[in-house]
Amino acid sequence: MGDERASVWILGDQLLARHPALAAAEQEHAQQNLRVVLVESLRRTRRLPYQRKKLVLLFSAMRHYAEELRTQGYAVDYVQAPTFLDGLRQHVAAWKPSRLFAMDASEWQGRTFQRARLGDELGLPATIVPNTQFLVGRFDPYPGAEASKRVLMEHFYRRMRRHFDVLMAPDGKPVGGKWNYDAENRRPLPPDAEPPPVPTFEPDTITREVMAEVEAAAHGVGTANGFGLAVTRQQALSAFDDFLANRLAQFGPYEDAMSSQHPVLYHSLLSPYLNIGLLEPLELIAAVEGAYHSERAPINSTEGFVRQVLGWREYIYWQYWRLMPDLMEANAWDAQRPLPSFFWDAHTEMSCLHHAIGRAIDSGYNHHIERLMLLCNFCLLAGVQPRAVNDWFLSFYVDAYEWVMAPNVIGMGLNADGGSVATKPYIASANYINRMGDYCPRCRYDHKQRTGQDACPFNFLYWNFLLEHEGTLRANPRLGRNVYGLRYLDEDERSAVRRQASSFLDKLQS
C-alpha cells in the first residue's frame, strides 16, 4: 500500500454498494490515505427545470450514501459548488491527493470530460475505470457494430439471455419454449381491479432538509411535497421485495394497460433506484428468475420483467453509445413544431394526456406505455421538435437521464433517428388508447370519430400523419396494414382530415 494520498470521485448516479473506483483505489492506497468526494453541482441542477422529486431523490440518496461510507470508515468530502469542476478543485486544494479515481460517467458529455480533460484541469493523474452499472459493459452482443448497422432489440435480447444464462433451459433453449411472451401481456385492466399500493418511505431528517432546499431554490417542476421514494439501498431493496411479493405475478398481463385511477398498476417502479446505483440489474434479474422457479410468478410476467431489464434497458444504453453525439440532433421526420404549452400544466381537454401529464407533474412518473403511446405518440403525430420533447422528458421524470431518454424518446418514441433504435414509428389512433385504457369514456372528445367537432385529435392527427408520409410509410413492411387503411378514405374525407389537423395544430400554444 502506498503512502500517497488519493481521491475517489463518486457521481450522484453511481451510488453502488461496492464502487469499482473505490475498489481500484484501495488496491494501491491504504484506506486512511483515501478520501471520497461527492459533488452537488448547481450548474448541472439548473441545466433544465428538473422535477423537484427527482432532485430530492438524487441529493438525499447522495447524502445518505456519504453517511453510509463514513460508517464504513471512509473519509468523505460532500461538496456543494457552482460546477463539478469547482467542487473537485476545492476538494483537491484541501486534500492534496496525488491521484484521482473515478468510474466512467453514464452520459456522453460527462465521460468525454472525464477522459479528455479531468486530469489536466485538476493538475493530477486521473484513473477512470469502466462503468459497471450496465451489463453491456461486461458483454457486448455486437462488438464494433457501426451506427449504420440495424440491430433489432429482440436479437440483442436473445444474445444477452444466452450469455448471462437467464431463463435458459439445459438444452440451450428458452425456458417455457418461447423467447418472448409479449403477446400474452396486452390485457386492459379490468374495471374492478385493485392493484396493491406501492410502498413509500417516510422522509428522515436528511431528506426533509433536502426537500426544504429544493423548494427554496424555486427552480424546477412539480413539488417536493409528498416525497416518499427510497433514498438508501436498504429502502430500495425493501421496495423490490414488495414488488416481488405483491405485483410481479400480475405484472405481465397488464404491463401495457393504462388507467386513470391507478398510476403504477403492477409495474415495479424500480427504475429510479436502478438508474442511480442503489439496485443493480443482475440482482433484480436473479431474484425474479428465482420467483418463477419457485412458482411465485408465471413465465409471462417473469420474462416480461427480464426483457425490460436485460433487453430494453441494456439495448437502450448500448444504442445511446452507438449513436451519440449525433442522436441529440436527429430529426428524420423534419418535425419543427414547438412543444405545446399544456405539457407544462396538463391543461388540455384530451383526457388521456391530461391524466398522464398531470401524473408526471405530481409524481415524476408514468409507466412506459403512457410515455410511448400517449406522450410520444402525440408528439410524433403533431410534428413536435424531437429535442424539445427529449428535454421535457429529462425535466419531468424521477428516473430520467440522458442515456435512457435520448434513445428512448428521440429514437424509439419519435422515430427521429431514422429507424436505428426501432424499426417502425409507434403511432396509434384513439382506438388503441380506448382499448388499453379507461380515459375515453370521460373525455370530451369521441374516440370513434375521425373528423368533426367532437373527433379525438389522436384520430385526425393519426390519419393526417399517414397522408403526409404515405410514400415513406409504404416502404416500411411493418406499417403496411396502417397505410393500407387509407384506401377507406375518399378525397373528401382526406381533405377533411387535413383541414382539421391543420386547424388543431395551428391553435396549439407553445
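Q: How do the residues lining the largest cavity divide into nonpolar, polar and charged?
A: In this predicted model, the lining of the largest cavity has nine nonpolar residues, two polar and one charged.

Q: Which residues are they?
A: The largest cavity is lined by Met-350, Ser-351, Cys-352, Ala-430, Ile-433, Tyr-439, Cys-440, Cys-443, Tyr-445, Asp-446, His-447 and Cys-456.

Q: Which helices supply at least two residues each to that lining?
A: Two helices do so: α15, residues 351-363, and α19, residues 430-436.

Q: What volume does the largest cavity have?
A: About 80 Å³.

Q: How many cavities of 30 Å³ or more does a search of the whole structure find?
A: The search gives two.

Q: What about the second largest cavity, how much space lies in it?
A: The second largest cavity holds about 50 Å³.

Q: And what lines the second largest cavity?
A: Its lining consists of His-64, Phe-201, Glu-202, Pro-203, Asp-204, Thr-207, Phe-227, Leu-229, Val-231 and Gln-235. By class, five of these lining residues are nonpolar, three are polar and two are charged.

Q: Switching to pockets. What is the volume of the second largest pocket?
A: The second largest pocket has a volume of about 800 Å³. It is lined by 29 residues.

Q: Which of those are the closest to its centre?
A: Ser-41, Arg-44, Arg-47, Phe-84 and Gly-110 are the closest to the centre of the second largest pocket.

Q: Which elements each supply at least two residues of the lining there?
A: One strand and four helices are on that list: β2 (34-41), α2 (42-45), α3 (52-71), α4 (84-95) and α5 (108-116). The largest share comes from α3, with five residues.

Q: How does the lining of that pocket split by class?
A: The second largest pocket has 13 nonpolar lining residues, with eight polar and eight charged.

Q: New topic, Gln-250. Where is its place?
A: Gln-250 sits in helix α10, which covers residues 248-251.

Q: Why is Gln-250 classed as partly exposed?
A: Because its relative accessible area is 35%, and partly exposed runs between the 20% limit for buried and the 50% limit for exposed.

Q: What does Gln-250 touch, not counting residues up to four places away in sequence?
A: On that count, Gln-250 touches Tyr-266 and Ser-301.

Q: And Thr-302, what separates its C-alpha atom from that of Gln-250?
A: The C-alpha atoms of Gln-250 and Thr-302 are 9.8 Å apart, and the two residues are 52 residues apart along the chain.

Conventions. Residues numbered from 1 in each chain as written. Predicted model: local features only at pLDDT ≥ 70, side-chain atom pairs only at ≥ 80, totals over all residues. Heavy atoms only, no water. 1 Å grid on protein atoms, 1.4 Å probe; cavity = no way out; pocket = protein on both sides within 12 Å on 5 of 7 lines; lining within 4 Å. Points joined across faces, edges and corners; volume = space filled by probe spheres on them. Nonpolar A, V, L, I, M, F, W, Y, C, P; charged D, E, K, R; others polar. Buried < 20%, exposed > 50% of the residue type's maximum accessible area, 1.4 Å probe, protein only. Contact = heavy atoms within 4.5 Å.
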